[in-house]
Amino acid sequence: MTDKRLSHGLLAHTAPPHPGLEPLQGEAETDVAVIGGGYTGLSAALHLAKAGVDALLLEAREIGFGGAGRNAGLVNAGLWLMPEDVIKALGSDYGERLLKALGDSPDLVYSLVSEHDIECEAVRKGTLHCAHSPAGYRALAKREEQWLARKAPVSLLSRDDAAAMIGSRAFYGALWDKRAGTIQPLAYAYGLARAAMAAGARLYIGSPVTKLEHGADGWRLSTPGGMVRAKTVILAVHGYCDYAFGEKINALVPFNFFQFATAPLPEKARETILPGGQGAWDTNLILSSFRMDQAGRLIVGSVGQVENNGFNLHQSWARRTINKVFPQIGPIELEHAWNGRIAMTVDHIPRFHILGPDFVTVTSYNGRGIGPGSVFGKLLAKYMLDGSEKDIPLPVSKPKNVPARGMRGLFYEAGARIYHFLQGRILP
């Protein structure tokens with residue numbers, strides 16, 4: 001295997017050149033300061049600028065450095081949870097509003113791609129949620145029933161129909177969600193950045209907020225190279241909390257997801273794998289994801305890290321999985337590997353916090369960053385325009401630290417490593 005254990009792996013290799021941005025130097029003033037250069041922050045800056053609001057974005061490292069640049073590339077609708085579980089967690093009002101907002105989130109993603117001519121390998125042919133077991137298929141039937149009750153375009157596929165669309169008989173069926181699709185996630189982030197700048201937003205990289213103070217004239221945000229005075233602030237930092245917001249990581253459950261990408265597949269095999277252009281993921285507790293990129297590479301992902309001694313174990317799992325699920329490929333080189341951190345909450349529901357006067361955040365998309373980040377960035381921009389919470393489909397809550405979060409993280413990582421070691425050897 002070519003040793004390309006870069007933080008962003010294939011995504012950095014195939015994305016267009018990153019936007020030409022510089023660190024903040026000196027002092028600046030703005031109506032809204034946005035902290036974080038992922039989907040939420042970029043969408044907020046774009047929609048603020050389109051509304052004629054002066055917006056300035058500060059990114060600690062590079063655009064798409066965190067989850068936006070390490071994403072699996074599935075533009076899913078809704079959350080991991082079934083719709084009725086969302087209702088149980090939030091109640092009917094907030095629950096149905098959140099399901100509607102996130103169920104429609106691919107509409108926003110693909111409309112932004114079209115409106116701003118973002119080159120990001122965008123394909124909207126849906127996703128396939130694949131049943132890894134008979135129990136998984138029964139769960140998909142319940143999921144279909146609950147989404148059909150909300151008039152979502154989802155279809156439960158038999159084993160034979162699913163096999164034709166997946167290119168594999170390894171699954172017991174699948175739920176086809178026609179709202180969804182795939183993109184090159186880092187390229188999408190770069191495109192949002194360019195669109196925000198074209199609309200008039202100011203974006204700075206290498207500018208971590210090291211200190212945040214509120215006074216009579218609004219907010220003062222200090223960076224290594226300068227200072228920003230802002231009337232209002234949107235915090236768009238999720239799984240990669242650092243600097244002035246490092247303690248916010250304590251409110252998240254540690255959860256990592258890795259991916260391996262093959263070399264471009266032989267044409268004969270390429271024609272049989274996900275031939276309709278769908279992305280796929282399965283119902284397993286230690287889930288796996290599959291999609292093809294524009295060049296015909298198969299991208300396979302699952303829970304865990306390819307860092308900290310996990311590389312060889314997960315690489316072996318990826319090779320066995322490809323051989324089991326898509327045996328028609330035959331021997332193939334794995335060219336890229338990378339992993340990212342997912343901002344998880346205990347109940348798998350995002351959070352809306354008002355952190356101070358004119359200072360807000362929505363955080364923790366629980367593995368569904370592309371659609372929710374785009375939507376909540378737009379909704380937070382609207383909040384800054386009218387000051388109303390009515391359009392945010394989440395209750396206001398206070399940040400709370402997760403008890404024993406370190407042990408939870410070790411549990412997930414250890415569980416994933418044990419499972420990936422045994423799968424294909426003892427487990428099916």
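Colleague: In this predicted model, which residue of β13 stands opposite L128?

Modeller: L128 stands opposite A280 in β13.

Colleague: What makes β4 and β13 a pair of strands?

Modeller: Two strands count as paired if there are at least two bridges between them, and four bridges join β4 to β13 (residues 279-282), so the two strands meet the condition for a pair. They run parallel.

Colleague: Why are β5 and β16 called edge strands?

Modeller: The open sheet has eight strands in the order β5-β6-β4-β13-β14-β15-β12-β16, with mixed pairing. Both β5 (154-157) and β16 pair on one side only, and the twist averages 20° from one strand to the next.

Colleague: Which helix lies across β4, β5 and β6, and which packs on β12, β14, β15 and β16?

Modeller: Helix α6 lies across β4, β5 and β6, running at about 155° to β5, whereas α10 (residues 311-325) touches β12, β14 (288-292), β15 (298-303) and β16, and its direction makes about 60° with that of β12.

Colleague: Why is the space of about 840 Å³ called a cavity and not a pocket?

Modeller: In a cavity a 1.4 Å probe fits but cannot get out, whereas a pocket is open; the space of about 840 Å³ lies in the largest cavity, so the probe cannot leave this space. Of the 49 residues that line the largest cavity, the closest to its centre are G66, G67, A68, H238 and R341.

Colleague: What makes G66 and G67 polar in the count for that lining?

Modeller: Gly is placed among the polar residues, so G66 and G67 count as polar; the lining divides into 22 nonpolar, 21 polar and six charged residues.

How values were computed
Residues are numbered from 1 along each chain as its sequence is written. This is a predicted model: local features need pLDDT of at least 70, side-chain atom pairs count only at pLDDT 80 or more; totals for chains, interfaces and linings use all residues. Side-chain values use heavy atoms; hydrogens and water are left out. On a 1 Å grid over the protein atoms alone, a cavity is a set of points where a 1.4 Å probe fits but cannot get out, and a pocket is an open set with protein on both sides within 12 Å along at least five of seven lines; lining residues have an atom within 4 Å of a point. Grid points are joined across faces, edges and corners, and a volume is the space filled by probe spheres set on the points. Axes are lines fitted to C-alpha atoms, for helices over the stretch in contact, and angles run from 0 to 180 degrees between N-to-C directions. Contact means heavy atoms within 4.5 Å.
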